[in-house]
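Welcome, and thanks for taking a look at this one with us. Please keep the viewer open while you read, as the notes below are meant to be followed on screen.

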Amino acid sequence: RIEVYEQPALTVELRRVVQDCGEVQRRNLSTRRQMDLLRQPAGVASFDQQVEEARAEAADLMAAMRDSCGLLSELDTDLEALAQDAADLSEADAQMRAVLRKMERKADSLREVLGDW
């Protein structure tokens, strides 16, 4: 009777070993497939080609950034010139106001001297 009880336990253990072996085999095949995909993916450029494409894209982006920086530099120069022009106009405006005040004072003194005609 001891053998009867041990046999089902042995059978269960053997089944578990067979299942584990099957799982290991499935994983092994899956890993091989993944490695094959990594080595040379079908329809996709090789890693070296992808690196070269990325370099070319980066070079294009850098060129675009240099162009943008050049435009920004020109705009900065134009902005400085406009700021100087605005400052010059403000100074001219202040001088014109001073001249007008001076003329008004002279006109007032002439009115005092000549009186109302």
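Here is a short tour of the fold, the surface and the charge pairs.

This is a predicted model. The protein has two helices and zero strands, and buried residues make up 1% of its 117 residues. A search of the whole structure turns up five salt bridges, and several of them are described below.

**Overall architecture**

- Helix H1 covers residues 2-39, while helix H2 takes in residues 47-114.
- H2 contains 68 residues and spans 98 Å from its first C-alpha to its last, which is close to the 100 Å expected at 1.5 Å a residue.
- Just after H2 comes Gly115, where phi is positive at about 70°.
- The protein exposes about 11300 Å², and 59% of that area is supplied by carbon and sulfur atoms.

**Salt bridges in H1**

- Glu23 pairs with Arg26 in a salt bridge whose closest N and O atoms are 2.8 Å apart.
- Both Glu23 and Arg26 belong to H1, where they sit three residues apart, about one turn of the helix.
- As for exposure, Glu23 is partly exposed with a relative accessible area of 30%, whereas Arg26 is exposed at 53%.
- Arg26 counts as exposed because its 53% relative accessible area is over the 50% cut-off.
- Arg27 joins Glu23 and Arg26 in a network of salt bridges.

**Salt bridges in H2**

- Which residue forms a salt bridge with Arg97? The partner is Asp93, and the closest N and O atoms of the pair are 3.1 Å apart.
- Arg97 and Asp93 are four residues apart in H2, so about one helical turn separates them.
- Asp93 is partly exposed, at 37% relative accessibility.
- Further along the chain, Asp108 forms a salt bridge with Arg111, with 2.7 Å between the closest N and O atoms.
- Asp108 and Arg111 both lie in H2, three residues apart, or about one turn of the helix.
- Within this pair, Asp108 is partly exposed at 34% relative accessibility, and Arg111 is exposed at 54%.

**Why such spacings suit pairing**

- An α-helix has 3.6 residues a turn, so residues three or four places apart point the same way.
- Side chains of opposite charge can pair when their charged atoms come close.

**Surface patches**

- Where does positive charge gather on the surface? Arg101, Lys102, Arg105 and Lys106 form a patch of positive charge there.
- Lys106, one of these residues, is placed in H2 and counts as exposed at 51% relative accessibility.
- Val99, Leu100 and Met103 make a nonpolar surface patch of about 300 Å².
- Val99 is also placed in H2, and it is partly exposed with a relative accessible area of 44%.

**Worth revisiting on screen**

- For the charge pairs, try Glu23 with Arg26, then Asp93 with Arg97, then Asp108 with Arg111.
- For the surface, colour the positive patch of Arg101, Lys102, Arg105 and Lys106 alongside the nonpolar patch of Val99, Leu100 and Met103.

Definitions and conventions:
Residues are numbered from 1 along each chain as its sequence is written. This is a predicted model: local features need pLDDT of at least 70, side-chain atom pairs count only at pLDDT 80 or more; totals for chains, interfaces and linings use all residues. Side-chain values use heavy atoms; hydrogens and water are left out. Buried means under 20% relative accessible area, exposed over 50%, partly exposed in between (1.4 Å probe, protein chains only). Accessible areas come from the Shrake-Rupley method with a 1.4 Å probe; for residues, only the protein chains shown count as cover. Patches are made of residues with over 30% relative accessible area and no salt bridge: like charges are joined within 9 Å, nonpolar side chains (Val, Leu, Ile, Met, Phe, Trp, Tyr) within 5 Å. A salt bridge is a side-chain nitrogen of Lys or Arg within 4 Å of a carboxyl oxygen of Asp or Glu. Lys and Arg count as positive and Asp and Glu as negative; His and the chain ends are not counted. The place of a charge is taken as NZ of Lys, CZ of Arg, CG of Asp or CD of Glu. The expected span of a helix is 1.5 Å times one less than its number of residues.
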